Amino acid sequence: MERPNFEILAYEDSPLGPLCLRRRELLSQPGTIVTEVTLNHEFLMSSLNTDSERQISNRAVEIHGGPNLKTLVGGLGLGYTAQELLKHENVASVDVIEYLPQVVDWLRQGLVPLSSELNAAEQLKIIAGDVYQRLAESPTDRYDLIVIDVDHSPSDQLGEEENGFYTRDGLLAAKAHLAEDGVLAVWSYAQSSQFSVALRETFESVHVEPVKTFNALVDHWQTDWLFFATDRQLDPAELPQPEQDSAT
């Protein structure tokens, strides 16, 4: 039997630990090639499961509903969150802040699946930096959408030291970077009642949405959580409804 393909595309030290970009063929699905990232020898993300990363962008655009949107994304990853924003005609620009310069280099070097598309996108600007530090400072720009896809969850952060973004004070500082009627969107693999409380103490309207998808890598259904917050009063009838999957 022919052995499945497996290739280490990059392996580098980072401030958060060893960072690895790999490409492999799935044992369970011969012929299916996925690109994956591990950090500190722990699985971080995959090109196979991108539903919730893309969904957070789509929902944020729908919840705002306005034209000519100026958007900020915290975390480049494999690029699916930014790519989804770029698909919308009412999104004028996408600024992405990525903490790990190695991840930016992967994109520039064409090592990730979306490299060609994202490198050619004129509306896209990628900045190496700390999005949490940027949001803690006084704003120089204001965005219609701020989409944060960095940590595993508010209580499971990538860095050893917890940052204050997920607290009421951190959210108040981040809120200053939003334009009028702006929307803050945050991705998490876990539901967080504490973070929901902090959002509701900071914003007029908060919408929490589960996204349930089948993870073929581990052969089970998983639920990710999307948090949306804005100072605009939202009619529940206006809120996008999550699609139902075959497991429900």
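**Helix α3 and the four-stranded sheet**

The buried residues of helix α3 are covered by elements that include β1, β2, β3, β6 (91-98), α4 (115-119) and β7 (124-128). This is a predicted model. The residues of α3 that are buried are Gln-102, Val-103, Val-104, Trp-106 and Leu-107. After α3 comes Gly-110, with a positive phi near 75°.

Three of the covering elements, β1, β2 and β3, lead to the sheet. The sheet is open and has four strands in the order β1-β2-β3-β4, paired in the antiparallel sense. Its edges are β1 (6-12) and β4 (42-46), each of which pairs on one side only. From one strand to the next, the twist averages 25°.

Within this sheet, β2 (residues 19-25) and β3 (residues 33-39) form an antiparallel pair with seven bridges. Leu-19 has Leu-39, in β3, as its bridge partner. Helix α3, which spans residues 101-108, packs on the sheet and touches β1, β2 and β3. The direction of α3 makes about 40° with that of β2.

The edge strand β1 also holds Tyr-11. Is Tyr-11 buried, partly exposed or exposed? Tyr-11 counts as partly exposed because its relative accessibility is 48%, and the partly exposed class lies between under 20% for buried and over 50% for exposed. Together with Phe-6 and Ile-8, Tyr-11 makes a nonpolar surface patch of about 330 Å².

Methods:
Residues numbered from 1 in each chain as written. Predicted model: local features only at pLDDT ≥ 70, side-chain atom pairs only at ≥ 80, totals over all residues. Heavy atoms only, no water. Pairing = 2+ DSSP bridges. Helix = DSSP H or I, 4+ residues; strand = E, 2+ residues; numbered from the N terminus. Axes fitted to C-alpha atoms, helices over the stretch in contact; angles between N-to-C directions. Contact = heavy atoms within 4.5 Å. Patch = residues over 30% accessible without salt bridge, like charges linked within 9 Å, V, L, I, M, F, W, Y side chains within 5 Å. Areas by Shrake-Rupley, 256 points an atom, 1.4 Å probe, with all protein chains shown as cover. Salt bridge = Lys/Arg side-chain N within 4 Å of Asp/Glu carboxyl O. Buried < 20%, exposed > 50% of the residue type's maximum accessible area, 1.4 Å probe, protein only.
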